[in-house]
Every structure is written in structure tokens, then in C-alpha cells.
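Trainee: I should like to learn how to read a protein model feature by feature. May we begin with a single residue and then widen the view?

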Protein chains: 2
Amino acid sequence: MVMEQLPKRPANYVPLSPVGFLPRANAVYGDRTSVIYGRVRFTWSQTYHRCRRLASALLALGVRKNDVVSVLAPNVPAMYEMHFAVPMAGAVLNTINTRLDANAVATILRHSEAKLFFVDCEHVRLAGDALQILARQRGVPVPLVAVIDDIDAPTGVRLGELEYEALVARGDPAADLPPLQDEWDAVTLNYTSGTTSAPKGVLYSHRGAYLSTTSLLLQWGVGTEPVYLWTLPMFHCNGWTFTWGMAARGGVNVCIRDARPDDIYRAIARHRVTHMCCAPVVFSILLEGDGASKRLDAPVHVLTGGAPPPAALLERVERVGFKVTHAYGLTEATGPALACEWRDQWDRLQHPERARLKARQGVSVLSLADADVKNADTMLSVPRDGKTVGEIVLRGSSVMKGYLNNPDANDKAFRGGWFLTGDVGVVHQDGYIEIKDRSKDVIISGGENICSKEVEEVLFRHPALADAAVVAMPHPRWGETPCAFVVPRDAKAATVSEDDVLAFCRKGMARFMVPKKVVITDALPRNALGKVEKVKLRERARKLAPTVPAQRPKGKTTTTTTVGGRRDDQPVAHIMAVSRL
Amino acid sequence: MVMEQLPKRPANYVPLSPVGFLPRANAVYGDRTSVIYGRVRFTWSQTYHRCRRLASALLALGVRKNDVVSVLAPNVPAMYEMHFAVPMAGAVLNTINTRLDANAVATILRHSEAKLFFVDCEHVRLAGDALQILARQRGVPVPLVAVIDDIDAPTGVRLGELEYEALVARGDPAADLPPLQDEWDAVTLNYTSGTTSAPKGVLYSHRGAYLSTTSLLLQWGVGTEPVYLWTLPMFHCNGWTFTWGMAARGGVNVCIRDARPDDIYRAIARHRVTHMCCAPVVFSILLEGDGASKRLDAPVHVLTGGAPPPAALLERVERVGFKVTHAYGLTEATGPALACEWRDQWDRLQHPERARLKARQGVSVLSLADADVKNADTMLSVPRDGKTVGEIVLRGSSVMKGYLNNPDANDKAFRGGWFLTGDVGVVHQDGYIEIKDRSKDVIISGGENICSKEVEEVLFRHPALADAAVVAMPHPRWGETPCAFVVPRDAKAATVSEDDVLAFCRKGMARFMVPKKVVITDALPRNALGKVEKVKLRERARKLAPTVPAQRPKGKTTTTTTVGGRRDDQPVAHIMAVSRL
């Protein structure tokens, strides 16, 4: 028979959107706490009405469908609310990494054509510098600016006329807001420094973000009434979708300005935190001082990603009472794409083996139709032997819409019906995927991706340098840090000093990207085709790596390190490590 | 700016389908147990390959896109596999209630134009009768028939040539299967029980079923490695989507032919069952014999729905070790639509209050965009006062595509952007919805709405009563009045009197709600799902109705009525009517 074609109706075909979790939270969790920040507390009903107010205020400012609204802020309530209010006005939220430098911020504002720019009072200087860069460029529109003053302890700092709370107060909670018509519409725009030097704008659809949100709640087993501590910056993939996820679960968002160990432990104790996400580097921070001897009153579930957590670190942090789930993700996959689903039978294993299993990246989350490891040339799956490496590829509705205004990058990223991650891995016999090599140009330092090419480009601009290459160097605190190998123009004169190079770097890039070691050398190893042999440099960097954990910086102290593998015939006169703040 | 329109690609726009959980289960849970039935065990890899084989065999039999494949079977492995294999062939699975009579089965086969009909060996006689009815009707095609023999203990029973295991064996696991192009395509067809009118065929889309599956896993908090006992028939809304849900979680499906208490307790102990679903009537079954004195080794999570569980029953079954979650749903909403999300603060309450809160239907599941209670005339929301009744309405992508070939029913069910459930409820101040009645079960007496459920709740608290149901009885003065049918705990002794019951009622409810008739009977008529067949009770009540206008009561006068329709063979020993004040 030819089955009757039944029409889609408003009652049975509602565009999927994570923003819809907020009206539902208002309806069913209205009296429960939504957000805690210092002495400030909101209920889900208040959050809903504040978001409606802000959305109507945005419309009154002229914000229209598909306009980009950028924000530079830490994990404060406004940052949380904007994840709903901005798309409720039909606009696209662009959260900017607060650790970028003014040039990078300006680049993002320019590329995204941001119409409105919210700036937390803490980042007014960085934003001001970025806006000045924009203003100097001809034909580039400068966005309207609004400051987010601290809601718990107002500073009075302003940058222009507009202020977040004033906008909220001015908004009308009963105003008509434009309904979402198409779930394929963009909801957020997140820039990544990923694998090329130019930042790429990753667009998420409402559909993809909805599916990721529910899928990650399921994957991590987030039950009812979670208390979620915002240690992971919301500007990282919209907080791995848990911004929206907490509304879906009617959870409590505990917002803190900085993820300092004291703040974290205090928040856990005071608010009975049940869940948090962070990069493995936060584990080291949590174990500092008397951290390792602490014991939590109740277990805190931690979802971690960005780099495989070292086994020793896992063991120590779990002893404190953190229950770690390891995931792998990338901006282009709306955050976590693989998660190491724990199997009950592994409970019987001893620790090193457990940690080895847990350090694997795991199985695809439910929103993905498939994840695989393929030979990038043949696009055939590698055998499940835990040995044969291939490129990790993904397919499913939680993969980004694409890069904004970047057809070349889109052409490279999508191939043969798959999204290519650029990461290299293996598949174990049990189907669990393990990454063997982050795509080789990326250095993951303290959870932040540093593109070696970007650092190299700055080094290449140094007038006294002829050649440069940057690779990852293992670091007991940051996981990895950049290590630069540079060749002076005039090798004999050796006119360039490491201090010169470092000062030059500090002027040209965000602090966290500045190399922690600079090796001055006669020449870089190159292969027959002239390509720098980074494998060899990584080998050298590994030997130069600090072998003891760096101390937390005190004042202007720098940490000197052992210089393993140093040879007298190398022109490595000065090797130093600086801790980043 | 006008934001670039990025195209949907195969890598980032995959049609949502719950069937996709199976290939994922094969990839990531391949070596884990999928199905247990008697001595038969399969892994997820085996289930996947068996389903591929069956799908290819269906294609070889000529099954094509949108063809209906019907099945009449209990919860055996074949029934489980068909939830994947049939849509993998592009066809629509129609599971038929095994407790229907041959006429009803024939009606469904005819209305759905089933092309292929799978029949479990236990139901060959019923199927044969239905097929004979079909064969006698001119111009009605008779489907091809295949028997599902018992896989653990083959019977040799056949009905025609085809047999399930032979088809699986004949299939090619490597055959090409038609990819799903449109998530709006139908995946299953479930007929309503037809308590109000002719059975209606409810079509689910792949999209709706996917969203319901993930949403219900989240709502119920089903973690990794669940062991799910199939007490709920899979023919009921596809097992409330947990057929697909177990594949999503890589869980174990424990299949049993009958949900007898011994089988249930044995399966729980043997397979360490963690989850099961059932109607509240199963609770009574579980408490039979020495059931009430049992204590489970580990808690078993039970999702229940179909009727609100009486508080006393909840208390007793929870004491055994079942942890009950109460949900409300209907075929048209792909199963559960509201669930009583437990709040931690309720843990501190005492039992009667806890049970009262738990017996509420609760809040909308995540796949719904909205659930509300509205005045059916004005379509305005009722106030959140726990008192004002209205019709429960739903909106969201888990609402059915519609009724198959039934435009009238579709017109009635969809109105003003909502799906109308036909159920009557209230909204409490905390946003939790409570059903007061099916709209047809509301008794309108002298202009006042009486919810039969409210009267029943009082009757259930009577210590001498085991069962009770209240329906409308026509009344010449009041239009309708409540008529109660009650079953004493000890039927032979018949220790309970009507006066007892009425006195009890008067203490527990408003006078106008007190039944005007109380019928003491041995048992209530129940359908296959354990639902009281109120249609039959109404029929009986109609015959008991007073035929002359009752006098307006004066003082303590009671009105005696004629006892129309009473038959001597009925165990209706005492029939009386009392006037309301």
C-alpha cells in the first residue's frame, strides 16, 4: 500500500532547540534554584523572566535574526543567561575565549560581524584594545558595546553607555519573541584556533545543540536536581552544552569567576556540588597544597577532556572523592563526541589497569550516528587491533553546521560523508577508540588548544630570526607547553637572546601561548621535501621537559628546570621555563 | 549581516531514528549480552546481524518501503528483533495486542493493509481465526503469514510455510538495506485499545520515536548496563520505547513469555534485573501469595503508568524493594508524556504524603515542548491551584504523526497547535500535573464535575475493599450521579455492607460526590492491560439507573430506586441508592 502522507503539525513537529529547555524549566522547576553566584540566587522562574527581558531589550536595540552577539566574560550569571536570551531574540551567541589577546578578539569581532558586544567588567581593557584595533581598520563596523558589571559586587566600570542589568531591567518579559522556525538555524558561534592559524568560526544549529545536550546528559548519567559547578569556561563549546543541560534537568548552576582550588573546594562544600567539568590540568590544581589530603563529603562527578588524564593524576584525584569520566571532543562536534563509558566488570581490576582503560577516549555519544577510525587515503576502517592508526572521523547531527564564511575549511573538514577530526587514533578490540596523537600541530596546554603554527608565525616576524618551529613539550602542570626552536639570522654573531624572543612573543600573542622554552639552534631538522621534522623536535623537547612539577607562581619568580639531553655542541645557551599565571 | 546558509551534509544531518541505536550497539557494545530468553542468549553483535538478516529476508519476500508488517507475539526475542529489522527493511512495524479477539485482530490487519503477518506459536489459533475472517471479506487482501516458533523450546507449530528462524537463516547480513531518507517516515503503527470507539492506528515517525527513546531514558535515569525485564508487553507503545532504549544503553533484555509473579521474581534474582515497566495492576500480582513478604536483594526500578497507583499499593510494593516512578502516557504520545520527577526534599516526608505526591502524573518529559491543562472551550490555561480542572494538552516532536487513514480522528485530536489527550486534570502550584479522569470518565452531576478517580481513591482506603471503580449513572434529576462498584477483600464473607461504604464515603468526600449507588461484586471487568472496562460498568450502571425523578431530599430521607437490569445470576446482592444533600 502507499501509506498516507500525514502532514507535520505545530503540535507534533516542534523545531528542536536547547533554548526550549528554559520555558520548560520555568513551567516545571519554577521554584527551584537555577543560578548561584556569590550572594546572588535566582530561581528557574526568575532566570526565565530575566532572559525574556534581555531578549526583548536586544530586539529593542535592533538585534535581528542571525545577528551575532559576542560576549567576553567569565562564568558569571549574565554569561549563563545569554545562552538563552540571545537565541530567544533570534540572534547567534558568540562566546569569546577570555585568554585571547586583543588582536585575536578583534579578528573574531570582525569575522563574525558582531553587532553587539557584551564585556564583563574584568575584561574591559582587553575589549577596549580589541575595539581600538577594529576602529583603525577601514570599512569594518564596530559593534555596540555593553558592560556586564559584577552582579554581586558592582564595580561601576563602564565601556560606553549600556550595562547588562540595566538592559534586563529595561526589557519587557511579556514582549513577543520571534518563534524558531527552522531547527537548522544557528544558535551559537564558537571560534577555534584548532588546526590552522586563522581562527575558524564553528556554527552550531539549534538541532545539533539540542541533541548534544540530551545526549551528554545521558552519557554522563546526570540525574535529577544536579548541582553543577562552573569550572569549565562556558566559552568552551558553550560549556560542553551543560549551559542548556542544567535547564533541561532543572539543576543548579554554581557560578564562580575563577576556577581556583579554594573557590572550587568552598563551592563544593557550601552548595553540595554533584557535577563539574574541567580539563585534566584542573586536577593538578585541585591537588596542590593540601588538596591531595582532602576528602570530599560526597562524590563529585567530573567530566574531563582535552587531553588524556595521566594515570597517576587520575588515581590521586579519585582518592579525594572525584569520580572521573573521560571524554574526547572538539569544538566542531559540539564538545564531547566520545566518552569512556565505564563497564562494571572493570571495577574488579587494579588501579594501573583501570586508569589505562579510563584514559581511552571511548565510544561515540548517542547524538552521533557513527564514529570511526579510518585510513585517510582509502577511507577504509582500520582493524580493531588497538595498533593500526587512522584518522578519527565522525558522522551525526551533533556535528557542526560548518565553519562560517570559510568554504576551504569546510571542504577539507567534510569528506565522503564524514567529518574529519584531524586526530589520529586506534580502535581497540572492544570498540573503544583511543587517540594516539592529537593532530600534530596542536599543543594542549592547560586545556587550551595552542596552534603551533600561530606561535611560529609570530616568531617568523622577529627580525633577528631566520627559522622557527614550535612543538609540544610535556609539562607536569599544564600537560603540554609550547617549546620553540629558533634559528638566528646570523648564527655566528648569535645576536638574539631568549629574553628578546620571549618579550617579542608576549607582545604578539596571548600569554598562555608564549613558549615555555626557547631553544636557539643552528638549523632545524628538515626532510627531503624541506618539511621540518617535528617528530625529532618533539623528541628533543621531551628531554628538555621539566621533571618536577612547577610551583605555583609567587610574585615574579620563574622556575628553572633541569636541562635534560643538553649537549655542549648545541647553541642552547639559555633554557628557561616560565609559569603562566 | 545575512548569515551564510550552510548546507546540510551527510556528515552533520543524519535522519533521527531509534533503529540507529542498533548499529551503534554493535559497534560499541558488540560483546555484551543483548537478549536473554530461557537458555537462549545473544550479544549485541549477534542481535545486529540477526536483524540485518531478517531485514534482507523481508526484502526478498517483497516487503517494500511503508509496507506494514504485523506481529502477534509475547515478549520473545523475535518480537524484540522485529523492532529493528522491520524498519531496517523500510517497512512499518505493527504490533498487535495478543489479548484481542479474532475480530479485532482482523480489523487491524484489514485497516493497516498488513503485507506480512508474524504469529507466535502460542497465538496461531487466534491468528488463524482472524485470517479466516479476513478471507471471508471480499476485496480484502490476506497477508503472508510467518510463524515465530519458540526459539528455546521449538513446538513445530506452523501456519503456512514461513518460519521466523528459517527467514533469519536465509537472510544475508551483508545485503544492502535501504537507508532512511526522511526522519518523518513512519517507524511503527500501534492501535489504540478502542475503549471509546473503533481502534485507531497511531503512527510514530522515526524522529518522534528517537526523541521519545532518549527522553525516557533520561527521565527515568537509566544508566549504563541496565538489565531490563520485559514485564510490559512490547505491543504496548513499543514497550514505551525501551525496546530501542536498551540498544541505546547497551542493556540486557530479559524476555519472558508471561508476566507471572514466579517468573518475575525468578528473573529478577537470576539476572540481577535493574529495571522493569508495568501497569499498577502488576503490583497487586506481585504482592499475591507470599509476595508481600519478599525482600529483593537489590532495588528494582519500576516505571508504572496506565492508571495512578493507589497510595496503599505503592507503599506495599516499595517495601518489597521496588522503586516506583509514576508516569502518565498514551499511545498517541509514544508512551509516557508526563513523569512524576521525584524531588529530594520529599524524602523527608512521611508515607501517605509521599505516596500522594508520587501518585501525581508530574512534569512533561524532555521530548515534549510543552504540556498544559486547558479549558477545552477557551483553550486558556487553568490556574495552578490544584483544583481547576481542564483538558491535558501536549505539544512536541514525540507526539504521533497522526492516526492512519482517519481524518476525523485527526481533526478532533489536533486543535490550536496542541494535541488533546481527552484526559482531565489539574495543575498544582509546583507545576506538577495530576489527572483527575479520562474526560469521558468525568461525572457531571447537577452541573458539578465529579472525578471518578477521586471517589475511587477514597474507596481504596476502605480497609475491607480490594478493588473499586466509579462510573456515571444516568439520573433523571441530576443528569448523572456516581455509581460505585466495589470488591470486598474477602468475597465469601462479604463482611462489608453498603452502609459501611457509604458512611466511609461521607467522611472522606464532599457530599455531592458520594455515590448514589454502591454495587458489591466479586470482580471488576478488566481488559488485557489490566484497565477497568468502564464501558461495561457504565452499561450496568445504566440499567441500574432510577427511572423516575428522585424527590428532592428532605431531612434524612433516602430515595429508593428501581433496580433495573438486575439479574439473579449476578453477584449483586445489595443495590441501593442514597440521595445527596
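Mentor: Let us begin with R506(A), which touches R511(A) and V514(A) when residues up to four places away in sequence are not counted. Please keep in mind that this is a predicted model.

Trainee: In which element is R506(A) found?

Mentor: R506(A) belongs to helix α16 of chain A, which covers residues 498–508. As a general idea, an α-helix has 3.6 residues a turn, so residues three or four places apart point the same way.

Trainee: How does one decide whether R506(A) is buried, partly exposed or exposed?

Mentor: One compares the relative accessible area with two cut-offs: under 20% is buried, over 50% is exposed, and values in between are partly exposed. R506(A) has a relative accessibility of 35%, so it counts as partly exposed.

Trainee: How far apart are the C-alpha atoms of R506(A) and V458(A)?

Mentor: They are separated by 9.8 Å, while the two residues are 48 residues apart along the chain. The two kinds of separation should always be read side by side.

Trainee: May we apply this reading to a residue in a strand?

Mentor: Consider L303(A), which lies in strand β13 of chain A, residues 300–304. Its relative accessibility is 4%, so L303(A) counts as buried.

Trainee: Which residues are in contact with L303(A), leaving aside its neighbours within four places in sequence?

Mentor: The contacts of L303(A) are W220(A), W240(A), F242(A), M276(A), C277(A), C278(A), T325(A), A327(A) and P336(A). As for distance, L303(A) and L330(A) are 27 residues apart in sequence, and their C-alpha atoms are 14 Å apart in space.

Trainee: Two cysteines appear among those contacts. How many disulfides are there over all chains?

Mentor: A disulfide requires a pair of cysteine sulfur atoms within 2.5 Å. By this rule the count over all chains is zero. C278(A), for instance, is in no disulfide, and the nearest cysteine sulfur, that of C277(A), is 7.6 Å away. With 1% relative accessibility, C278(A) counts as buried. In chain B, C255(B) is likewise in no disulfide, the nearest cysteine sulfur being that of C51(B), 12 Å away. C255(B) has 3% relative accessibility and therefore counts as buried.

Trainee: Could you show me a strand residue of chain B in the manner of L303(A)?

Mentor: E434(B) is placed in strand β22 of chain B, residues 433–438. Its relative accessible area is 12%, so E434(B) is buried. Not counting residues up to four places away in sequence, E434(B) touches R360(B), Q361(B), V424(B), G425(B), V426(B), H428(B) and K453(B). Between E434(B) and L357(B) the distance is 9.5 Å, C-alpha to C-alpha, with their places 77 residues apart in sequence.

Trainee: Which residues of helix α4 of chain B are buried?

Mentor: In this helix, residues 102–112, the buried residues are A102(B), A104(B), V105(B), A106(B), I108(B), L109(B) and S112(B). These buried residues pack against β3 (68–72), β4 (92–95), β5 (116–120), α5 (124–136) and β8 (186–191) of chain B.

Trainee: What follows α4(B)?

Mentor: The helix is followed by E113(B), whose phi is positive, near 55°. In general, most residues other than glycine have a negative phi. Another case is R272(B), which is not a glycine and has a positive phi of about 50°. R272(B) sits in the loop between α10 (261–271) and β12 (275–278) of chain B, and at 68% relative accessibility it counts as exposed. M379(B), also a residue other than glycine, has a positive phi near 55°; its place is the loop between β17 (368–374) and β18 (390–396) of chain B.

Trainee: How does one read a whole chain, such as chain A?

Mentor: Begin with the elements: chain A has 17 helices and 27 strands. Then consider the overall form: for 581 residues a compact globule would have a radius of gyration near 25 Å, and the 24 Å of chain A agrees with this. Its C-alpha atoms fill a box of roughly 75 × 60 × 55 Å along the principal axes.

Trainee: What share of the residues of chain A counts as buried?

Mentor: The share is 60% of the 581 residues. Among the contacts in chain A with a separation of 6 or more, 70% are made by residues 24 or more positions apart.

Methods
Residues numbered from 1 in each chain as written. Chains lettered and ligands numbered in written order. Predicted model: local features only at pLDDT ≥ 70, side-chain atom pairs only at ≥ 80, totals over all residues. Heavy atoms only, no water. Buried < 20%, exposed > 50% of the residue type's maximum accessible area, 1.4 Å probe, protein only. Helix = DSSP H or I, 4+ residues; strand = E, 2+ residues; numbered from the N terminus. Rg over C-alpha atoms; globule rule 2.2 N^0.38 Å. Contact = heavy atoms within 4.5 Å.
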